[in-house]
Amino acid sequence: MYPNINIEYEGITDYANDVTMRLSTGDWGDICMIPPTVDKSELKNYFISFGSRDDLGTVYEKDMLNNYAYDSQVYGIPSMSNVQGIVYNKAVFEKAGVKELPKTPDEFLEALQKIDDNTDAIPLYTNFSAGWTMTAWDAYIDGGATGDADFVNKGLVKGKDPFSDRGNGTGPYAVYSTLYEAVKRGLTEEDPTTTDWEGSKGMLNNGEIGCMVLGSWVSVQAQAAGSHPDDIGYMAFPITVDGKQYAAAGPDYCYGINCNSSKDEQIASMCYVKWLVEKSGFAQEQGGLSVVSGDKYPDVLSSLEGVELVVNAPAAAGEEDLWNNINNDSELGINAFGAIPSGIVEAATSGTKTMEELVDEWNKKWTDAQKANGVTPQ
C-alpha cells in the first residue's frame, strides 16, 4: 500500500523503564508504545495528537481511547485490547479432576491443590524472574475484582485503605492474597528466581504447567509453543461479585508518534499505525480484542461468554494525573513495575511477612501518597 515507507523495529526487554528514560532525549524513533509512566498532561511534550476523542470514537471503541486522552485529544491508539484472566491447560485441569472452572479464590486454590496432588504439572507458574510478568497481577484488582468501572478513580485514588480485606473474596486483597496463598502453600514453581518466560509457554502447551496469570494475548503464544494448541484455554480470574463474574478489559500498550519527528515521518507513522490497528488483524491473531468498533472476538476467548467485561472509566476533568501521581509517589508501581506482586512472592517464599503485614505497608504508602496529592481518603 505504501511502498516508499520502510519499517524498522527495535525489541526492548525492559520496555517501560528503558523507553521512559529515552523519551526525554527526543531521539527514540518515530513510533513507540507509550510507557505507563507518562502523565497525561505531559503527552503533548512527546507525542502528536491522532485527533479528538469524539472523532476517533466513530471508528474505535471510545472507552478504549481513555488511557492517553487529554483535553479531548488522543495521543495514543491501542494496539489492541486485552482481557485480564488466566491462561490454562485444559488437559491438566481435567486430569487433576477439576470439573468446573473456579469462580472464587478458594475454588481456584482448591483446583491448584488438585493439580499438585494428581499430576506432575506445576499448578501455577509465576514467571517471577522475568519481572515485567508480575505486573499482570495488578491488572486484576479493579473492574475484574469489583465489577466497578469507577473503582480506579474512586476506590483506589480516593478510597481509604483500598488494599484491606473486604471479607467477601472481592477487591484488590482477593487478587493479591490468591498469589500469596498459592506461593505459601507450595503450589507454584519450587524456586521463583529460576523461572523461564520463553520456556514457560512451551511448558504450558505440553502440560508441565497448569496455568499462568497473564493477559489474553498470551493464549495465542502458548498455542503456538508446542504440539497441543487445543489444550490451551482462557478463563476469567476467579472472583465473583454478587453472583456474577467480571473481567477487566482495557487497552494494551498504545502507539504514540514522536512530536520531534519530521512531518513526512509523522505522516508515514500515522499511516502505519492506522494499518496496524484497522487492517493487519494483529489484535485477533494475538488473542486480544480489536479496538475497532464492531470487530469480532477471537476464538480463544469464547470461554468468557457470560462474563461481563469492565473497562475503567476516565478520570474527571482536572484529575487526569491524580492516579499516576499517587501511584508513583507511593512507590508501589501498580501496572508499572509490579512492586506488590513481586514483594508477595518474596514474602510468601521466605515467610518473612504475613499477608496482613504486607497490606498494612501498602495502605500506609498509599495513604501517604494520597495526602501528598491533596486527597483525603474516604
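Two strands pair if DSSP finds at least two bridges between them, and that is the yardstick for the sheet views below. The model shown here is predicted.

**View 1. Strand β12 and its two antiparallel neighbours, β1 and β5.**
Start with β1, which covers residues 31-33: three bridges tie it to β12, and the two strands run antiparallel. To find your way along this pairing, look for Ile31, which sits opposite Ile257 in β12. Strand β5 (residues 77-78) also runs antiparallel to β12, this time with two bridges. Here Pro78 has Cys254 of β12 as its bridge partner. Now turn to the side chains of β12, which spans residues 254-257. Both of its faces are covered, with Cys254 and Gly256 buried on one side and Tyr255 and Ile257 buried on the other.

**View 2. Strand β9 alongside β6.**
How many bridges join β6 to β9? There are five, and the strands run antiparallel. In residue terms, β6 takes in 81-89, while β9 takes in 232-236. A handy landmark is Tyr88, which stands opposite Gly233 in β9. As for cover, β9 is mostly tucked away: five of its five residues are buried.

**View 3. Ser219 and its contacts in helix α10.**
Ser219 belongs to α10, the helix made of residues 218-223. Is Ser219 buried or exposed? It is buried, because its relative accessible area is 0%, and the cut-off for buried is under 20%. Leaving aside residues up to four places away in sequence, Ser219 touches Val87, Ile232, Tyr234 and Val300. Two of those names link back to the previous view: Val87 falls within the residues of β6, and Ile232 within those of β9.

**View 4. Glu308, a partly exposed residue in strand β13.**
Glu308 is part of β13, which runs over residues 308-310. With a relative accessible area of 36%, Glu308 counts as partly exposed, since that class lies between the 20% limit for buried and the 50% limit for exposed. Setting aside residues up to four places away in sequence, Glu308 touches Lys244, Gln245, Tyr246 and Ala247. For a sense of scale, pick out Ser350, which is 42 residues from Glu308 along the chain. The C-alpha atoms of Glu308 and Ser350 are separated by 37 Å.

**View 5. A three-stranded open sheet in the order β2-β4-β3.**
The pairing in this sheet is antiparallel. Its edge strands are β2 (51-52) and β3 (69-70), each of which pairs on one side only. Between β3 and β4 (residues 73-74) there are two bridges, again in the antiparallel sense. One residue pair to look for is Ala69 with Val74, its bridge partner in β4. As a reminder of what holds such pairings, strands of a sheet pair through backbone hydrogen bonds, either parallel or antiparallel.

**View 6. Helix α13 crossing helix α15.**
The axes of α13 (residues 322-330) and α15 (residues 355-372) come within 8 Å and cross at roughly 130°. That angle makes α13 oblique to α15. The crossing of the pair is right-handed. On the α13 side, Trp323, Ile326, Asn327, Asp329 and Ser330 make the contact, and on the α15 side the residues are Lys365, Trp366, Ala369 and Gln370. Sorted by class, the contact of α13 with α15 has four nonpolar, three polar and two charged residues. The buried residues of α13 are Leu322, Trp323, Asn324, Ile326, Asn327 and Ser330. These buried residues pack against α7 (151-156) as well as α15. After α13 comes Glu331, with a positive phi near 65°.

**View 7. Helices α8 and α14, packed at about 30°.**
Here α8 (residues 171-184) and α14 (residues 339-350) have their axes 8 Å apart. An angle of about 30° makes α8 roughly parallel to α14. Which way is the crossing, left-handed or right-handed? α8 passes α14 in a right-handed crossing. From α8, the contact uses Tyr176, Leu179, Tyr180, Val183 and Lys184. From α14 come Ile340, Pro341, Ile344, Val345, Ala347, Ala348 and Thr349. By class, the residues in the contact of α8 with α14 split into ten nonpolar, one polar and one charged.

Key: Residues are numbered from 1 along each chain as its sequence is written. This is a predicted model: local features need pLDDT of at least 70, side-chain atom pairs count only at pLDDT 80 or more; totals for chains, interfaces and linings use all residues. Side-chain values use heavy atoms; hydrogens and water are left out. Helices (H or I, at least four residues) and strands (E, at least two) are DSSP runs, numbered from the N terminus. Buried means under 20% relative accessible area, exposed over 50%, partly exposed in between (1.4 Å probe, protein chains only). Contact means heavy atoms within 4.5 Å. Axes are lines fitted to C-alpha atoms, for helices over the stretch in contact, and angles run from 0 to 180 degrees between N-to-C directions. Angles under 35 degrees count as roughly parallel, over 145 as roughly antiparallel, 65 to 115 as roughly perpendicular and the rest as oblique. A crossing is left-handed if the near helix is turned anticlockwise from the far one by less than a right angle, and right-handed if clockwise. Ala, Val, Leu, Ile, Met, Phe, Trp, Tyr, Cys and Pro count as nonpolar, Asp, Glu, Lys and Arg as charged, and the others, Gly among them, as polar.
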